[in-house]
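Please walk through this structure, beginning with the ligand and its surroundings and moving on to the backbone and the packing of helices.

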Amino acid sequence: MKERGARPSFFSEKINKRDVCMKFNELSAEERAALLSQYTAEYEAYRARGLRLDLSRGKPAAEQLDLSNGLFQALSAEDCRATGADYRNYGLGEGIPAMRHLFSELYGVPEELILACGNSSLQLMHDTLMRCMVFGVGDGHTPWCREERIKWLCVTPGYDRHFAITERLGFELISVPMTEDGPDMDMVEELVKDSAVKGMWCVPKYSNPTGNTYSEETVRRLVSMPCAAPDFRIFWDNAYAIHDLELDGDVLADVFALAEEVGNEDRIYYFASTSKITFPGAGVAMMAASKHNLAHLKPLMNLQTIGYDKINQCRHVAFLKDGATTMAHMHALADSLRPKFACTLRHLSELRALGIASYTEPKGGYFVSLDVLPGTARRVFFLMKEAGVTLTQVGATFPYGVDPKDTNLRLAPTYATLEELELGMSILVLAVKIAALESMV
Ligand SMILES: Cc1ncc(COP(=O)(O)O)c(C=O)c1O
């Protein structure tokens with residue numbers, strides 16, 4: 001089980017600006033100015049190098065992708081006919097049985113609730129929302145586009161692409177702060193008393209970007225809370241379900257089992273993909289939903305496609321084989337990621353010691369969430385940009401791209417080489433120190 005309290009975290013060490021600035025505050029104005037000019041000179045030396053580094057998006061590095069090159073040799077024409085069905089042809093809209101079985105093994109979701117689909121879970125989420133907009137969730141519920149006002153809960157900091165979809169579809173986005181245990185549930189339970197609140201984005205394990213995993217209590221409350229909207233839906237994006245960096249990774253409660261206990265299994269639309277298991281953009285995505293929801297969704301999905309890419313599904317089964325083989329593959333991926341996270345956290349520890357930043361230390365996933373002194377994140381982003389280091393757009397982790405406290409930065413350590421990361425993090429530490437000192441003038 002997840003150990004609580006063992007790791008320092010932003011959420012247990014709330015920023016108190018007066019306290020966190022103590023080290024710098026203890027200095028005289030002259031000493032602070034001298035420090036600022038020293039850091040600025042160091043920063044300028046980096047800037048003069050004309051660097052081009054990208055720490056912006058959570059993409060795997062080439063060395064990780066190489067671990068899946070076996071996919072290119074994995075498949076023969078015979079494999080596509082081995083079960084009697086011919087996967088080279090149309091059909092099997094719910095995906096091939098072996099891929100659904102593998103997803104079931106990996107995510108602990110009953111196979112009969114799983115659809116193995118195309119190359120992107122984000123596309124499934126987008127299309128599922130579009131179907132809710134146009135057709136409603138089923139059972140004669142009003143299509144959401146016909147509702148006067150529609151609202152959506154966004155756990156923040158969160159995933160910019162989620163927020164962008166619901167913003168574009170006309171939802172009013174409501175921020176709910178992330179805590180160490182998941183979304184602030186007192187707030188969620190209050191907000192869902194409004195029948196205009198139709199749903200919620202959740203990345204329940206190693207959340208993007210905080211790396212937090214929802215506690216069992218949070219999952220229970222999410223599935224059992226009374227919602228004013230009878231068609232309220234949770235978009236359960238379990239993108240990082242098996243992406244542990246350490247052997248004692250976080251454990252996420254079984255959402256469908258808990259929902260079933262209270263008869264609310266229709267509330268959950270579950271998504272995941274192999275994007276960060278094999279090749280992003282060329283993997284296999286899955287969706288899972290209650291039998292009742294599937295009865296509504298499948299005919300609508302069949303209007304969109306006669307069937308997904310079964311050859312790619314078959315190739316993935318041939319390569320990933322079963323749960324145990326897939327987890328061995330995940331451990332190899334983690335071996336290549338671990339030094340990058342260690343490097344990131346080592347640099348950040350200097351900022352924590354200075355009391356000018358707090359950050360999460362995830363046991364998995366793809367990101368580290370950094371909180372700098374309120375009011376300085378944009379300045380840090382600008383300094384990094386000027387020095388040739390691209391960070392995730394500041395504010396992107398909040399609805400409408402606006403971080404009300406201007407404090408959060410999402411760090412994506414996976415894509416850069418270790419050498420690039422060392423360099424990028426050295427510059428980041430300088431930028432945070434400069435921005436902090438400037439803010440204290
Ligand atoms: C939380 C989350 N969901 C979904 C995705 C995209 O998944 P896919 O490649 O399956 O569309 C990402 C990619 O970064 C992500 O972080």
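In this predicted model, the ligand is surrounded by Ser-120, Ser-121, Leu-122, Tyr-159, Val-203, Asn-208, Asp-237, Ala-239, Tyr-240, Ser-273, Ser-275 and Lys-276. By residue class, this shell divides into 5 nonpolar, 5 polar and 2 charged residues.

Three of these residues can be described by their distances to oxygen atoms of the ligand. Ser-120 has a polar side-chain atom 2.8 Å from a ligand oxygen. For Ser-121, a polar side-chain atom lies 2.6 Å from an oxygen atom of the ligand. Tyr-240 likewise places a polar side-chain atom 2.6 Å from a ligand oxygen. The ligand taken alone exposes 400 Å², and the protein buries 87% of that area.

The backbone comes next, starting with its cis peptide bonds. One joins Thr-156 and Pro-157, with omega at about -5 degrees. Pro-157 belongs to the loop that runs between strand E3 (151-156) and helix H7 (160-168). Tyr-159 is one of the residues around the ligand.

A cis peptide bond also links Asn-208 to Pro-209, and here omega is about 10 degrees. Asn-208 has already appeared among the residues around the ligand. Its partner in this bond, Pro-209, is in the loop between strand E6 (197-202) and helix H9 (216-224).

Another backbone feature concerns a phi angle. Leu-92 has phi near 55 degrees, which is a positive value in a residue other than glycine. Leu-92 sits in the loop between helix H4 (62-66) and helix H5 (97-107).

Helix H5 also leads to the packing of helices. How do the axes of H5 and helix H12 (residues 310-320) cross? They come within 8 Å of each other, and the crossing angle is roughly 50 degrees. Angles under 35 degrees would count as roughly parallel and those from 65 to 115 as roughly perpendicular, so H5 is oblique to H12. The crossing in which H5 passes H12 is left-handed.

A further pair is formed by helix H14 (residues 377-386) and helix H15 (residues 418-439), whose axes come within 9 Å and cross at roughly 135 degrees. An angle over 145 degrees would count as roughly antiparallel, and 65 to 115 as roughly perpendicular; H14 and H15 are therefore oblique to each other. In this pair, H14 passes H15 in a right-handed crossing.

Notes. Residues numbered from 1 in each chain as written. Predicted model: local features only at pLDDT ≥ 70, side-chain atom pairs only at ≥ 80, totals over all residues. Heavy atoms only, no water. Near = heavy atom within 4 Å. Polar contact = N/O pair within 3.5 Å; in protein donor to acceptor, adjacent residues only side chain to side chain. Areas by Shrake-Rupley, 256 points an atom, 1.4 Å probe, with all protein chains shown as cover. Nonpolar A, V, L, I, M, F, W, Y, C, P; charged D, E, K, R; others polar. Axes fitted to C-alpha atoms, helices over the stretch in contact; angles between N-to-C directions. Helix = DSSP H or I, 4+ residues; strand = E, 2+ residues; numbered from the N terminus. Left-handed = near helix turned anticlockwise from the far one by under 90°.
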